[in-house]
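Biologist: Could we go through the strands of this model together, one pairing after another?

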Amino acid sequence: MRKSIAVGMDIGTTHVRVIIGELNADSTLNIIGVGTSPSRGMKKGVIVDLDETVNSIREAVEEAERMAGLEVSSVFLGIVGSQVGIINNRGVVAVSGDDKEITEEDVERVMQAARVIALPPEREIIDVLPREFIVDGYDGIRDPVGMIGVRLEVDAMVVTGTSSAIKNTLRCVQRAGLEVNGLVLNSLANAEIVLSRDEKELGVFLVDIGGGTAEVAVFQGGNLQDISVIPVGGGHITSDLAVGLKTTLEQAERLKVHHGVASLNLAEGEDNIKVQNVAGKGDRAISQADLAAVIEPRILEILQLVREEAAKMGFSEPLPAGVVLTGGISLMKGTGELAEEIFNCSVRTAQPGYIGVKSPIYSTAVGIIHYVQRSHMISPSKGAPTRAVKGLWARLRHWIADFFE
Ligand SMILES: Nc1ncnc2c1ncn2[C@@H]1O[C@H](COP(=O)(O)OP(=O)(O)OP(=O)(O)O)[C@@H](O)[C@H]1O
Ligand SMILES: [Mg+2]
């Protein structure tokens, strides 16, 4: 049987990452292609240069294609949370069948009802996610299909997006010669890979600190409750180091990744790290403590901003399952410990266990494929949308088509 292929694309501030996954009939997934390229057209999670972004996309796709030995024609695309907003809404319908057994069509109708909402003109609905279904007043139902009832309600999360930002992203992917199969919120993709079912159930902050953005997602009761994005990330640490050490951004980035630690307590050794002066004349030697003295205050500031953002979202107290850290910054030794101080709760650094690529910087792209597979946006055998989500699929295609009008 021919296996189906799904491609996840994460257009981040520092890198474009492409993952080609092969979906097996038993719902497992093999990663057969990985591509990454420096993202040159993005700032703080937003596209600022279309042509550069198109080139970065092409480069990353070509690398993944070479590895997998196949050509990519379409992708599932990650969407950054700063372009989206969440509105809670309810939908109510009467169960249609004479036998009052709830069918997939009833669920489809109640989800449609939840979409009816007044929106400002610059926003569009991306997706509607059910939090819970309520059948004749009994709440907390995950899947009502097959149940008996008269009145079906849904408590839904309507995810809306800024049309222009998403249009630009879609345009870049299209100009790179690719079709977009569907959109997945980055936070939902990350959660797929890095959070356990218990963490999502009990309540957890998922914090993805990348190059230019820190994305905070709150999960509770098994569902995403809210997301928010602040425009801070590893890029700030790099520029602090470049200024502080009077060196180039390129050097500063290398020093940060290879020798940086998040806290002065962890710094070791003497002045044995070489730094080139910005003018290129001569080297100097610095210590890890010199690097930590610049890095620590900035990481503390970023974490503080994340905490304030969580409070603004209505979560000023720690959640039972604490904080899970992911994204490039989570790779910096000592970040987890600083986060424990700031959040005053247990902090876990995500260590994705999937085969092929183990670094959290690939979590979003890999998570997109997992999300797509689990939510049946693609079938294992044909690669086409499965029956159960025909409605969703049609909506999605319709919505994407709208963007290209
Ligand atoms: N080992 C490391 N130690 C410290 N920082 C690192 C390490 N590896 C990567 N980074 C930093 O992580 C950042 C990139 O992270 P990531 O790939 O998650 O970002 P992105 O997805 O491109 O950006 P964003 O999500 O903000 O749009 C860069 O600033 C990079 O310097
Ligand atoms: Mg990212």
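Biologist: In which sense do strand S12 and strand S17 pair, and which residue in S17 stands opposite Asp 208?
Modeller: This is a predicted model, in which local features need pLDDT of at least 70, side-chain atom pairs count only at pLDDT 80 or more, and totals for chains, interfaces and linings use all residues. Residues are numbered from 1 along each chain as its sequence is written, while chains are lettered from A and ligands numbered from 1 in the order in which they are written. Strands are DSSP runs of E with at least two residues, numbered from the N terminus, and two of them pair if DSSP finds at least two bridges between them. S12 (residues 204–209) and S17 (residues 323–326) pair over four bridges in the parallel sense, and the residue opposite Asp 208 is Thr 326.

Biologist: Which strands stand at the edges of the open sheet, and why is one side of each left without a neighbour?
Modeller: The order of the five strands is S14-S13-S12-S17-S18, with mixed pairing. Because each edge strand has a single partner strand, one side lacks a neighbour in the sheet, and these edge strands are S14 (223–230) and S18 (347–349).

Biologist: Through how many residues does a hairpin join S1 to S2?
Modeller: Strand S1 (residues 4–11) runs antiparallel to S2, and eight bridges join them. Ala 6 has Gly 21 in S2 as its bridge partner, and the hairpin connects S1 to S2 through three residues.

Biologist: In S3, what is the bridge partner of Arg 17?
Modeller: S2 pairs with strand S3 (residues 29–38) over nine bridges in the antiparallel sense. In S3, the partner of Arg 17 is Thr 36.
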